[in-house]
Amino acid sequence: MHPSPNPKAIAAIQASDAIIYSIGSLYTSLAPSLILQGVGTAIANGPRFKILILNGSLDRETGGFKGLDFLNAVVGCCETSSLLDPNAPIRVQSPSPSINDDSQFNQRMRRYITHLIYIDHPSAPHVDREKLSACGIEGVRLYGRKGEDGKMRYDEKALTQALGVILGRRDAKERSRRNTMEGRG
């Protein structure tokens, strides 16, 4: 059984300038949407910007995950979806078992993720900036705040500004909220 998404969702992805994989539960919220037949193909061939926002802390599904583990999971779901798509113009190879072991997989990552936004804090998922750069993914490091529950949270204004910078929509008069674009000269 390989469920298909609503055709309007595929058309919206293909027509959009950006897709944002937002904060949430990786395997119970994000993955079920990405593995639907054809979603990976629409993402690969559609939006210019493909932005993954990492959670500010690890949850019950992702304990021990590093930033690249999240990328590996998202790309694996998208490639699985593309394999199921009979209309895919380019057939992709089977998803790689590990981002660290497959340089070809690293090269394909940018088809599904162009930017990674993450919180730089010991309790947040660790991002290896060198490996991220080797994958061709642009990293945006933000500094968060601890919530009442002790978990790291994004500063709303900093996150909004970071997205604006990536999308080229930031007002030049706005003051920066300590976000850093990595990999830019």
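**Exercise 1. Determine where the buried residues of α2 lie around its axis.**

Solution. The starting point is the list of residues in α2 that are buried: Leu26, Leu30, Ala31 and Leu34. The next step is to consider the arc that they cover around the axis, which is only 95°. An arc of only 95° puts these residues on the same side of α2. The general rule for helices helps to explain the pattern: an α-helix has 3.6 residues a turn, so residues three or four places apart point the same way. The model examined here, and in the exercises below, is a predicted one.

**Exercise 2. Identify the aromatic pairs, and state how each is arranged.**

Solution. The search is for rings whose centres lie within 6.5 Å. By this rule there are 2 aromatic pairs. One of them joins Tyr27 and Phe65, with 6.3 Å centre to centre and 90° between the planes. Since planes over 60 degrees apart count as edge-to-face, the pair of Tyr27 and Phe65 is edge-to-face. Phe65 also pairs with Phe70, at 5.3 Å centre to centre and with 75° between the planes. That arrangement, too, is edge-to-face. Taken together, Tyr27, Phe65 and Phe70 form one aromatic cluster.

**Exercise 3. Explain which parts of the chain the pair of Tyr27 and Phe65 ties together, and compare the exposure of the residues in the cluster.**

Solution. Tyr27 belongs to helix α2 (residues 26-34). Phe65 is found in the loop between β2 (49-53) and α4 (67-84). The pair therefore ties together parts that are 38 residues apart in sequence. As to exposure, Tyr27 has a relative accessible area of 41% and is partly exposed. Phe65 and Phe70, in contrast, are both buried.

**Exercise 4. Locate His2 and describe its surroundings.**

Solution. Along the sequence, His2 lies in the segment before α1 (7-15). Its relative accessible area is 48%, so His2 is partly exposed. In space, the C-alpha atom of His2 is separated by 6.4 Å from that of Gln37, although the two residues are 35 residues apart along the chain.

**Exercise 5. Summarise the protein as a whole, from its secondary structure to its surface.**

Solution. The secondary structure consists of 7 helices and 7 strands. Read along the sequence, these elements give the pattern α-β-α-α-β-α-α-β-α-β-β-β-α-β. Turning to contacts between residues at least 6 apart in sequence, 70% join residues at least 24 apart. Of the 185 residues, 46% are buried. Finally, the accessible surface comes to about 10,000 Å², and carbon and sulfur atoms account for 49% of this surface.

How values were computed: Residues numbered from 1 in each chain as written. Predicted model: local features only at pLDDT ≥ 70, side-chain atom pairs only at ≥ 80, totals over all residues. Heavy atoms only, no water. Helix = DSSP H or I, 4+ residues; strand = E, 2+ residues; numbered from the N terminus. Buried < 20%, exposed > 50% of the residue type's maximum accessible area, 1.4 Å probe, protein only. Contact = heavy atoms within 4.5 Å. Areas by Shrake-Rupley, 256 points an atom, 1.4 Å probe, with all protein chains shown as cover. Phe/Tyr/Trp six-rings, centres within 6.5 Å; stacked < 30°, edge-to-face > 60°. Arc of directions from axis to C-beta.
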